[in-house]
Amino acid sequence: MSLGALIVVVTFGVLAVIGAVHYTGGSRRKETRDHGEAILEFAKAYPGEAIRSVIMTADGNASFMRLADGKTGFLQSMGRHYVARMIMPQSVGVRALEDQPALRIEFHDSTLPGGDYVFRSTEEAAEVSLWLCGSMALATPKLAEPGEDDGHA
């Protein structure tokens, strides 16, 4: 094999490895994921939703969004892609984990796998759990208070 052909083959090999690492997301550092990226990705899926607050997991692979109307949004990184969804009331099961600031969330109405979501602090985990509870409270019909006129005579 001539020297020129060898240089071409080696160059092509190096470029192929660099392209494969970049394409699989290996070149993306997890520390570069931030609230702005989460907001932009969620807004692509749900452009009409106003986001009030964002809490990311400690590893940066998932974000929970408090929306202006009281609902909760969710964004999860799946390699180079993101999965965005609205967390509907009664569609999730949530439990706190005892040894760390984390929530175990199970999605009942989706093929999206649930899992353990670890946060930077117990305050962040508690805040997300309150958002999820608030979403459920919004969906629960209000019961008439004693003495309120419910339209019946």
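Start by selecting lysine 71: with a relative accessibility of 31%, this residue counts as partly exposed. Keep in mind as you click around that what you have open is a predicted model.

**Stop 1: around lysine 71**

Show the side chain of lysine 71 and add glutamate 49. These two side chains meet in a salt bridge, 3.7 Å from N to O. Glutamate 49 sits in the loop between helix 2 (35-45) and strand 1 (51-56), while lysine 71 sits in the loop between strand 2 and strand 3 (72-78), so their pairing ties together parts that are 22 residues apart in sequence. Glutamate 49 has 24% relative accessibility, so it counts as partly exposed.

Now add aspartate 69. Its side chain also meets lysine 71 in a salt bridge, this time at 3.2 Å, N to O. Aspartate 69 is partly exposed, at a relative accessible area of 38%. Keep the three selected together: Glu49, Asp69 and Lys71 are linked in a network of salt bridges.

**Stop 2: another salt bridge**

How many salt bridges does a search of the whole structure find? The count is four. For one of them, select arginine 104 and aspartate 116, whose closest N and O atoms are 2.6 Å apart. Arginine 104 belongs to strand 6 (residues 102-107) and aspartate 116 to strand 7, so this pair ties together parts that are twelve residues apart in sequence. At 29% relative accessibility, arginine 104 counts as partly exposed. Aspartate 116 is partly exposed too, with a relative accessible area of 40%.

**Stop 3: a buried arginine**

Next, go to arginine 66, which you'll find in strand 2. Which side chain of opposite charge is nearest to arginine 66? That is glutamate 127, 6.5 Å away; arginine 66 is buried yet has no salt bridge. A salt bridge needs the nitrogen and oxygen within 4 Å.

What does the side chain of arginine 66 reach at 2.8 Å? Show the backbone here, and look for the oxygen of glycine 70. Then bring up the surroundings. Setting aside neighbours within four places in sequence, arginine 66 is in contact with Ala50, Ile51, Arg52, Ser53, Lys71 and Trp131. Lysine 71 is the residue you met at the start, in the network with Glu49 and Asp69.

**Stop 4: the hairpin**

Switch to a cartoon view and colour strand 1 and strand 2. The two run antiparallel and are joined by five bridges. Pick isoleucine 51 and look across to strand 2: leucine 67 stands opposite. Follow the chain round the turn, where five residues lie between the two strands of this hairpin. Glycine 60, in that turn, has a positive phi of about 80 degrees.

**Stop 5: the aromatic cluster**

Stay on strand 2 and select phenylalanine 64, then add tyrosine 117. A search of the whole structure finds six aromatic pairs. In the pair formed by phenylalanine 64 and tyrosine 117, the ring centres are 5.7 Å apart and the planes are at 90 degrees, so it is edge-to-face. Phenylalanine 64 lies in strand 2 (residues 62-67) and tyrosine 117 in strand 7 (residues 115-118), so the pair ties together parts that are 53 residues apart in sequence. Buried or exposed? Both phenylalanine 64 and tyrosine 117 are buried.

Widen the selection to Phe64, Phe74, Phe107, Tyr117 and Phe119, and you have one aromatic cluster.

**Stop 6: leucine 75**

Move to strand 3 and pick out leucine 75. Leucine 75 is buried, with a relative accessible area of 3%. Draw a C-alpha to C-alpha distance from leucine 75 to glutamate 41: it comes to 7.9 Å in space, for residues 34 apart in sequence. Leaving aside neighbours within four places in sequence, the contacts of leucine 75 include Ala38, Glu41, Phe42, Met65 and Tyr82.

**Last stop: the whole chain**

Zoom out and colour by secondary structure. The protein chain has three helices and seven strands. Trace it along the sequence, and the pattern reads α-α-β-β-β-β-β-β-β-α. Of the 153 residues in the protein chain, 26% are buried. Among contacts with a separation of 6 or more, 41% are between residues 24 or more positions apart.

Definitions and conventions: Residues are numbered from 1 along each chain as its sequence is written. This is a predicted model: local features need pLDDT of at least 70, side-chain atom pairs count only at pLDDT 80 or more; totals for chains, interfaces and linings use all residues. Side-chain values use heavy atoms; hydrogens and water are left out. Rings of Phe, Tyr and Trp (its six-membered ring) pair if their centres lie within 6.5 Å; planes under 30 degrees apart count as stacked, over 60 as edge-to-face and the rest as tilted. Helices (H or I, at least four residues) and strands (E, at least two) are DSSP runs, numbered from the N terminus. Buried means under 20% relative accessible area, exposed over 50%, partly exposed in between (1.4 Å probe, protein chains only). Lys and Arg count as positive and Asp and Glu as negative; His and the chain ends are not counted. A polar contact is a pair of N or O atoms within 3.5 Å; within protein, one must be able to donate a hydrogen and the other to accept it, and residues adjacent in sequence count only if both atoms are side-chain atoms. Contact means heavy atoms within 4.5 Å. Two strands pair if DSSP finds at least two bridges between them.
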